[in-house]
Amino acid sequence: MQIGSSTLLDIRNVTKDFPGTRALDNVSMEVKEGEIHGLCGENGAGKSTLMKILSGSHPYGTYEGQVFFQGEPVRFAGIRDSEARGIRIIHQELALVKQMTVAENIFLGAEPAKHGIVDEMRLYSDTRELLGRSGLNVPGTALVGTLGVGQQQMVEIAKALRGHVRLLILDEPTSALNDAEVENLMQTLRELKHSGVTCIYISHKLRELFDIADHITVLRDGRCIGTAATCDLTEDEVIAMMVGRAPTGRFPPRTRQAGKVMFSVRNWTVRNPENRDLYAVRNISFDVRAGEILGISGLMGSGRTELLQSLFGEYGLQPSGELMIDGKRHKVNSSRDAIALGMGLVTEDRKNTGLIPMHSVTHNMTLPSLPNLSNGPMVDTSLELASTLGLVKELNIRAPSIESRVETLSGGNQQKVSIAKWLMTNPRILMLDEPTRGIDVGTKYQIYELMDELAADGMAIIMASSDLPEILGMSDRILVMHAGTMAGIVESEAANPELIMSLAAMGAGRG
Ligand SMILES: Nc1ncnc2c1ncn2[C@@H]1O[C@H](COP(=O)(O)OP(=O)(O)OP(=O)(O)O)[C@@H](O)[C@H]1O
Ligand SMILES: [Mg+2]
């Protein structure tokens, strides 16, 4: 189908207030029938809030202004109303039930039934069809909890394609996907566009937007800065619209210098907790010096996360091998041991392991550091306050107040809180798993700058990331993993995308 000149969605003068924050300020925006419309803006710009209005999660009456869909004003009281009109949203944070199968998740609340009981045959055959359309190759009977984050994201997409879809909203769908999965998703979206589905696509990855979007709209501080045809825009122009100034380079200059070896790992091996005959991580050995950033690269499922979690004492079974700090061997049986030894881990999946959503920014940030912030049995509240405010400022965390619940922060700002929480413990060895996932370009630069400063102050940093430019731009050395094993360690001067990718894809014995 051609992109029509007719308007599918017309947002007029929408304003949305939260206590202490104006999330949207008189936003107007138009989406054409049959197009893919890209939406971008810094963390906290209001993207998710606007989409929640379109999908009825923020019901009519909780905002000002008017939304027209297919020419009619809409007054959604909840998400069911928007679904009835063919609007589907895939939220930024995954929302699947881990204990249920893929099929049960996809058809949750809408199971096909025959004579009043769930028609299992149809449930699984319909699921197969939807999985096929979204390009995910897992059985419908698999438990969602056993899938990786990327696969779970694809299940969300399959779920959204259920029934009649007119407008599909994807709120940062690719932050957890690897390159092949992103390409797969792009293909699915192009096919959906051909079949007449209109799409709003939110991403911090401008390359994706330029690849797929017909128009791009930029929000900044709750205001709509503008909409233009993608072919009339450059990436730098969009960045300038997002941040309100011309873009700087992508990576800060390196001020750090490597010192003594601080952290060493030898023959680190961890069995797969589900199947003890398999290994999650096998025979990994490396050193990290003070003042150094060691990058960990590898395809999804290569064991990066399992490596970091097991070093931190938080992965299933007792690992074998040696962990040494300043040349001394240590045993780490829990995150408590790890923290006591001066280690910190910023986890990849903040919703499940990083943060407590209902608790305040302060509480989340200070939780692992309470021993340091205490004076005897009492927490030194003025010290707690000073440390929190200092990091909020340093990381530019946008929250109405440090007493706000973390769940009310935008996705990127939540990620910053989880980084701040570990910086507060003053670790000597900081491990970060996908530190900039879902973070906007401006803030990414700040995080990179901070990592360089911390290393320059003598910290040893280990960063696992699936973002290859980030790995190449930030690492002093790169450990590449393949199927739980070490495919190689590459010095940054010798590193290039082709080398890293071929090691990641084929393992050692290559190149
Ligand atoms: N439920 C809520 N209660 C209070 N404030 C909220 C709530 N939801 C969002 N906000 C605030 O509204 C603003 C816009 O947030 P929103 O989540 O829309 O940003 P975003 O553009 O999606 O950012 P990101 O790229 O980080 O996901 C932020 O300041 C956020 O803290
Ligand atoms: Mg968002």
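A salt bridge is here a side-chain nitrogen of Lys or Arg within 4 Å of a carboxyl oxygen of Asp or Glu. The exercises below apply to a predicted model.

**Exercise 1. State how the chain is divided into domains, and how far apart the C-alpha centres of domain 1 and domain 2 lie.**

Solution.
1. The assignment places residues 7-243 in domain 1 and residues 353-426 in domain 3.
2. Domain 2 consists of two segments, 281-342 and 427-511.
3. Between the C-alpha centres of domain 1 and domain 2 the distance is 32 Å.

**Exercise 2. Characterise the interface of domain 1 and domain 2 by its contacts, buried area and polar pairs.**

Solution.
1. Contact involves 13 residues of domain 1 and eight residues of domain 2.
2. The two domains bury about 950 Å² between them, with 55% of this area on carbon and sulfur atoms.
3. On the side of domain 1, Asn 43, Ser 175 and His 204 supply 38% of the area buried against domain 2, more than any other three residues.
4. Applying the opening criterion, the number of salt bridges between domain 1 and domain 2 is zero.
5. One residue pair is in polar contact across this interface, both residues being at pLDDT 80 or more.
6. The residues of domain 1 that touch domain 2 comprise four nonpolar, six polar and three charged ones.

**Exercise 3. Describe the surroundings of ligand 1 and the extent to which the protein buries ligand 1.**

Solution.
1. There are 19 residues around ligand 1, of which Gly 44, Lys 47, Thr 49, Ser 410 and Gly 412 come nearest.
2. A side-chain N or O atom of Asn 43 is 2.9 Å from an oxygen atom of ligand 1.
3. Backbone N or O atoms also approach ligand oxygen atoms: that of Ala 45 at 3.2 Å, and that of Thr 408 at 3.0 Å.
4. Ligand 1 taken alone exposes 640 Å², and the protein buries 88% of that.

How values were computed: Residues numbered from 1 in each chain as written. Chains lettered and ligands numbered in written order. Predicted model: local features only at pLDDT ≥ 70, side-chain atom pairs only at ≥ 80, totals over all residues. Heavy atoms only, no water. Domains from an automatic or database assignment. Contact = heavy atoms within 4.5 Å. Buried area = accessible area lost by both parts, 1.4 Å probe. Polar contact = N/O pair within 3.5 Å; in protein donor to acceptor, adjacent residues only side chain to side chain. Nonpolar A, V, L, I, M, F, W, Y, C, P; charged D, E, K, R; others polar. Near = heavy atom within 4 Å. Areas by Shrake-Rupley, 256 points an atom, 1.4 Å probe, with all protein chains shown as cover.
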